[in-house]
Amino acid sequence: MAFTEDFTEYLNTSDFAVTATWTGGGSAVGIFDLAYSEDLNVAGNLPLFATSASSTSSLSVGTAITIAAQSYTVAEKKPDGTGMTILVLQIGAKEE
């Protein structure tokens, strides 16, 4: 029997979690982080969204996603092997 984790307590909007919505009517609850990033001595922010893998199984790289009225584009999906996926986001919606 496969092990499945219940992330309900962890992904609670009464605490730190927020809801993200994306093109096509999908949504997920997760933890948003605007992490500090530095590459080639240029500092900036790297928006990340951690959520359950099952809630983003149909979400594709390049999809427009909105979190707290800010538009992002999914740049990468990184499943962590525990049932969670980290979405690496780019600020701004993808130009069509």
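Strand β3 and strand β6 (residues 84-91) pair in the antiparallel sense over five bridges. The model is predicted. β3 also pairs with β2, again in the antiparallel sense, over 10 bridges. One aromatic pair is counted, between phenylalanine 32 and tyrosine 72.

**β3 and β6: serine 52**

- Serine 52 sits in strand β3, which covers residues 42-52.
- Across the pairing with β6, serine 52 stands opposite methionine 84.
- Serine 52 is buried, because its relative accessibility of 13% falls under the 20% cut-off.
- Beyond its neighbours within four places in sequence, serine 52 contacts Phe7, Leu11, Gly83, Met84 and Thr85.
- Met84 is thus named twice for serine 52: as the residue opposite in β6 and among the contacts.

**β2 and β3: the hairpin**

- β2 and β3 form a hairpin with two residues between the strands.
- Leucine 40 takes a positive phi near 55° in this hairpin.
- Aspartate 39 stands opposite valine 42 in β3.
- The two strands are joined over 10 bridges, in the antiparallel sense.

**The aromatic pair**

- Phenylalanine 32 and tyrosine 72 form a tilted pair, at 5.6 Å centre to centre and 45° between the planes.
- Phenylalanine 32 belongs to strand β2 (residues 26-39) and tyrosine 72 to strand β5 (residues 70-79), so the pair ties together parts that are 40 residues apart in sequence.
- Phenylalanine 32 is partly exposed, at 27% relative accessibility.
- Tyrosine 72 is buried, at 5% relative accessibility.

**The loop before β4: threonine 63**

- Threonine 63 lies in the loop between β3 and β4 (64-67).
- This loop residue, threonine 63, is buried, because its relative accessible area is 14% and the limit is under 20%.
- The side chain of threonine 63 has a polar atom 2.7 Å from the backbone oxygen of serine 60.
- Leaving aside neighbours within four places in sequence, threonine 63 is in contact with Trp22, Thr23, Tyr72, Thr73 and Val74.
- One of these contacts, Tyr72, is also a member of the aromatic pair with phenylalanine 32.
- Threonine 63 and leucine 89 are 26 residues apart in sequence, and their C-alpha atoms are 9.8 Å apart in space.

Methods. Residues are numbered from 1 along each chain as its sequence is written. This is a predicted model: local features need pLDDT of at least 70, side-chain atom pairs count only at pLDDT 80 or more; totals for chains, interfaces and linings use all residues. Side-chain values use heavy atoms; hydrogens and water are left out. Rings of Phe, Tyr and Trp (its six-membered ring) pair if their centres lie within 6.5 Å; planes under 30 degrees apart count as stacked, over 60 as edge-to-face and the rest as tilted. Helices (H or I, at least four residues) and strands (E, at least two) are DSSP runs, numbered from the N terminus. Buried means under 20% relative accessible area, exposed over 50%, partly exposed in between (1.4 Å probe, protein chains only). Contact means heavy atoms within 4.5 Å. Two strands pair if DSSP finds at least two bridges between them. A polar contact is a pair of N or O atoms within 3.5 Å; within protein, one must be able to donate a hydrogen and the other to accept it, and residues adjacent in sequence count only if both atoms are side-chain atoms.
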